[in-house]
Amino acid sequence: MFVLELSYTAPLEAVDAVLPDHVVWLDGLYEQGVFVASGRKEPRDGGVILAVAGDRARIEEITAGDPFVKAGVCEYRVTEFIATKTAPALERYRETLG
């Protein structure tokens, strides 16, 4: 599992101009089962996405395709973690340490 932290690198007006394309991109990755949750940070200086993928390389490929990145309005910080404990609704993402 991965925590994707977005930090805006441009004024909110520039971010908002790309937001509709970003939402379409998000929707596609939810449909593929890659994204589990997402939303804006407070204060609104970026966002957070919880994602699942086979490896970090795939996540890097995904984040590079974000319209926010292509427009130069955000940067990503990617943190991989092993979800050893989850809420029942997220049990399918639970991993064991080996």
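Which residues does V34 touch, not counting residues up to four places away in sequence? I shall come to that after the fold itself. The model before you is predicted: local features need pLDDT of at least 70, side-chain atom pairs count only at pLDDT 80 or more, and totals for chains, interfaces and linings use all residues. Residues are numbered from 1 along each chain as its sequence is written, and side-chain values use heavy atoms, leaving out hydrogens and water.

Let me begin with the sheet. It is open, with 4 strands in the order 2-3-1-4 and antiparallel pairing. Strands (E, at least two residues) and helices (H or I, at least four) are DSSP runs, numbered from the N terminus; two strands pair if DSSP finds at least two bridges between them. Strand 2 (35–40) and strand 4 (74–80) each have a single partner strand, so one side of each lacks a neighbour in the sheet. From one strand to the next, the twist averages 15 degrees. Strand 1, residues 2–8, pairs with strand 4 over 7 bridges, and there V3 stands opposite T79.

Next, the helices. Helix 1 (residues 12–31) lies across strands 1, 2, 3 and 4, at about 165 degrees to strand 2. Angles run from 0 to 180 degrees between N-to-C directions, with axes fitted to C-alpha atoms, for helices over the stretch in contact.

Finally, V34 lies in the loop between helix 1 and strand 2. V34 is buried (under 20% relative accessible area, 1.4 Å probe, protein chains only), at 9%. To return to the opening question, V34 touches L29, L50, A51, V52 and I62, contact meaning heavy atoms within 4.5 Å.

Methods: Buried means under 20% relative accessible area, exposed over 50%, partly exposed in between (1.4 Å probe, protein chains only).
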